[in-house]
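Trainee: I have some labels here that I would like to see justified. Could we go through them one by one?

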Amino acid sequence: MTSSSARPARPSDAPATPTPTAAASGRASGKAILLGEHAVVYRRPALAIPLSALQVRADVLRSNGPSVLHSDLYDGPLAAAPARLGPTVTAAAAALDALGVADESIELRIASNLPAERGVGSSAAVAAAVVRAVAAAFGGALDAAAEHELIQRAERVAHVSPSGLDAHAVRAGAPIWFEDGAVSPVTVATPLTFVVADTGIAGRTREAVAGVRTRHDEDPRGTTALLDELGELTRDARTHLATGDARALGAAMDRGHAALGLLGVGDPALDALAAAARAHGAWGAKLTGGGRGGCVLVLSRDDESAAEVAGALRAAGAAATWTTTVEATT
Ligand code: MEV
């Protein structure tokens, strides 16, 4: 498109060129679970932090033909989108329905730098951005609870029985405590720098959650003990955040990684990245999200060592790394 500065000046009496209707947009960010994944499905608490470097933007234009989707993963009629985009299709349909415009058509464009199936909230973030963009396009106001429920509908297509943690975390923009279906803010005494490293292996949250369920059915006592331990570690982590004890927080993350491994959601590639981070001075490291692939979350000592740890993680085979600082709240 020609920029307006390069365009010859239009005589003042010429008819104005109609401006195309601007697309309405919605955004959401990635998330990392600091502690409590899987245990949160069994009503233990969880802590999540935003990954603001990872963003999804959805743009919606009202249209006349059949609804279409433009994205890196698929370009074509929404109705013919592949099964892996089921959550996105569900989010769009659920939002249109909730706004009372189920018969309307849209042109939906999704731009995202969140890797899919890596435990950093891609499915929930895309759903959140789509719901927000559809609401903006049709001028409908959705309150936080309605927005959450629509994202959860999409998440149920992705994971069957999502706890609701991801749907909250991708909209929060700040660390959150999630317990009994409710979210509350978290006190952070000192800034903390985290590095997220991607194994490059697709995590399979649905299978991982089903695997924990099977383990629970087969060994309820042993599994409950692990879930209780994860719950305790999450409570400890909240205290360490509030007191600024990064060393203790890192130790809790290490123990969380071990417990998740015993729960059956680990992977040798996750162990290798966590070990590389610890060997390069990180306070702690653990898998984050569904596991069985996906990412590790590393607590570094400071900004400088975060850069060093990120380099070491890439040298150890990480497909990508992202660094994020959680600011102090006090
Ligand atoms: C996935 O990001 C987090 C899990 O705890 C599933 C859930 O909370 O629904 C594994």
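Trainee: Which residues are around the ligand?
Mentor: In this predicted model, the residues around the ligand are Lys31, Ile33, Glu37, His38, Val40, Val41, Pro162, Ser163, Asp166, Gly289 and Gly290. This shell divides into four nonpolar, four polar and three charged residues.

Trainee: What makes the pair of Lys31 and the ligand a polar contact?
Mentor: An N or O atom in the side chain of Lys31 is 3.0 Å from an oxygen atom of the ligand. The cut-off is 3.5 Å, so the pair counts. For Ser163 the distance is 2.6 Å, and for Asp166 it is 2.8 Å. The protein buries 97% of the 300 Å² that the ligand exposes when taken alone.

Trainee: Why is Asp180 called exposed?
Mentor: Its relative accessibility is 55%, and exposed means over 50%, so Asp180 counts as exposed. Asp180 is in the loop between strand S6 (176-179) and strand S7 (182-185).

Trainee: Why does Arg292 count as partly exposed?
Mentor: Arg292 has 22% relative accessibility. Buried means under 20% and exposed over 50%, so Arg292 falls in between. Arg292 lies in the loop between strand S9 (284-288) and strand S10 (295-299), and has a positive phi of about 60° although it is not a glycine.

Trainee: How do you know that the charge of Arg238 sits over the ring of Trp177?
Mentor: The charged end of Arg238 is 3.7 Å from the ring centre of Trp177. The distance limit is 6 Å, and the direction must lie within 35 degrees of the ring normal. Arg238 is listed as sitting over that ring. Arg301 likewise lies over the face of Trp283, at 4.0 Å from the ring centre.

Notes
Residues are numbered from 1 along each chain as its sequence is written. This is a predicted model: local features need pLDDT of at least 70, side-chain atom pairs count only at pLDDT 80 or more; totals for chains, interfaces and linings use all residues. Side-chain values use heavy atoms; hydrogens and water are left out. A residue is near a molecule or strand if one of its heavy atoms lies within 4 Å of it. A polar contact is a pair of N or O atoms within 3.5 Å; within protein, one must be able to donate a hydrogen and the other to accept it, and residues adjacent in sequence count only if both atoms are side-chain atoms. Accessible areas come from the Shrake-Rupley method with a 1.4 Å probe; for residues, only the protein chains shown count as cover. Ala, Val, Leu, Ile, Met, Phe, Trp, Tyr, Cys and Pro count as nonpolar, Asp, Glu, Lys and Arg as charged, and the others, Gly among them, as polar. Helices (H or I, at least four residues) and strands (E, at least two) are DSSP runs, numbered from the N terminus. Buried means under 20% relative accessible area, exposed over 50%, partly exposed in between (1.4 Å probe, protein chains only).
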